[in-house]
Amino acid sequence: MKEMTIGVLARSAGVNIETIRYYQRRGLIGTPRKPPGGVRRYPHAALAPLRFIRRAQQLGFSLKEIRELLALGEQSCGATRRIAERRLADIEARLNDLKTMRRLLARLIRECAAGRDAACPIVQSLSVERDV
């Protein structure tokens, strides 16, 4: 398959047509010229960046970071590693936040299940202005 329509490209990459258009507007992938009275045709090589973007998003990279990674290419391992290290640090921070939320919510559920207070500890906790 040498060239394909946007629909075929989308199916091949496992994304929506509007996703491709969005990536084009954001400058992540190029837009082929539309021939007069014709339909845009995408080269087979257009699949690679779409798959790259999808896999990078699955790892939590933002579109801004993905743009940087695409611009760096394969020859900039050091810069790519620094972007990945920042992403990993962000993921670890989010995991720590989730663990804190889990502990707090579990404690509130235990207090609620104990039924010692007339008022619900969960609702009380959510009603009071304080840091989690």
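**Figure 1. Helix α4 passes α5 in a left-handed crossing.** This is a predicted model. The two helices, α4 and α5 (residues 77-114), pack at an angle of about 160 degrees. Their axes lie 10 Å apart. Angles over 145 degrees count as roughly antiparallel, and α4 and α5 are therefore roughly antiparallel to each other. On the α4 side, the contact is made by Glu 65, Glu 68, Leu 69 and Leu 72. On the α5 side, Ala 79, Thr 80, Ile 83, Arg 86 and Arg 87 take part. By class, the contact of α4 with α5 has four nonpolar, one polar and four charged residues.

**Figure 2. Close-up of Glu 65 in helix α4.** The helix spans residues 63-72. Glu 65 has a relative accessibility of 9% and counts as buried, because buried means under 20%. Leaving aside neighbours within four places in sequence, Glu 65 is in contact with Gly 60, Ile 83 and Arg 87. Ile 83 and Arg 87 belong to α5 and are part of the contact between α4 and α5. Gly 60 sits in the loop between α3 and α4.

**Figure 3. Gly 60 in the loop between α3 and α4.** Gly 60 is partly exposed, with 29% relative accessibility. Not counting residues up to four places away in sequence, Gly 60 touches Glu 65 and Arg 87. Glu 65 and Arg 87 are also in contact with each other. A second residue gives a distance across this region. Gly 60 and Leu 47 are 13 residues apart in sequence. In space, Gly 60 and Leu 47 are 20 Å apart, C-alpha to C-alpha.

**Figure 4. Helix α3 passes α4 in a right-handed crossing.** Helix α3 covers residues 47-58. The α3 and α4 axes are 10 Å apart, at an angle of about 130 degrees. α3 and α4 are therefore oblique to each other. From α3, the residues in contact are Phe 52, Ile 53, Ala 56 and Gln 57. They meet Leu 63, Ile 66, Leu 69 and Leu 70 in α4. By class, the contact of α3 with α4 has seven nonpolar, one polar and no charged residues. Leu 69 of α4 appears in this contact and also in the contact of α4 with α5.

**Figure 5. Arg 55 in helix α3.** Arg 55 is partly exposed, with a relative accessible area of 47%. Arg 55 and Ala 118 are 63 residues apart in sequence. C-alpha to C-alpha, Arg 55 and Ala 118 are 50 Å apart in space.

**Figure 6. Helices α1 and α2 cross at roughly 100 degrees.** Helix α1 covers residues 6-13, and helix α2 covers residues 17-25. The axes of α1 and α2 come within 8 Å. α1 and α2 are therefore roughly perpendicular to each other. Ile 6, Gly 7, Leu 9 and Ala 10 in α1 meet Ile 17, Ile 20 and Arg 21 in α2. The residues of the contact of α1 with α2 divide into five nonpolar, one polar and one charged. Among the elements of the chain, α2 has the highest mean pLDDT, 96. The lowest, 83, belongs to helix α6 (residues 121-127). The chain as a whole averages a pLDDT of 91. Of the residues, 97% score at least 70.

**Figure 7. Gln 24 of helix α2 and its contacts.** Gln 24 counts as buried, at 15% relative accessibility. Not counting residues up to four places away in sequence, Gln 24 touches Ile 29, Gly 30, Thr 31, Pro 32 and Tyr 42. One of these partners, Gly 30, is shown in the next view.

**Figure 8. Gly 30 in the loop between α2 and β2.** Strand β2 covers residues 42-43. Gly 30 counts as exposed, at 54% relative accessibility. Leaving aside neighbours within four places in sequence, Gly 30 is in contact with Gln 24 and Tyr 42. Gln 24 also touches Tyr 42. Gly 30 and Pro 49 are 19 residues apart in sequence. In space, Gly 30 and Pro 49 are 9.9 Å apart, C-alpha to C-alpha.

Methods. Residues numbered from 1 in each chain as written. Predicted model: local features only at pLDDT ≥ 70, side-chain atom pairs only at ≥ 80, totals over all residues. Heavy atoms only, no water. Helix = DSSP H or I, 4+ residues; strand = E, 2+ residues; numbered from the N terminus. Buried < 20%, exposed > 50% of the residue type's maximum accessible area, 1.4 Å probe, protein only. Contact = heavy atoms within 4.5 Å. pLDDT = per-residue confidence, 0-100. Axes fitted to C-alpha atoms, helices over the stretch in contact; angles between N-to-C directions. Parallel < 35°, antiparallel > 145°, perpendicular 65-115°, else oblique. Left-handed = near helix turned anticlockwise from the far one by under 90°. Nonpolar A, V, L, I, M, F, W, Y, C, P; charged D, E, K, R; others polar.
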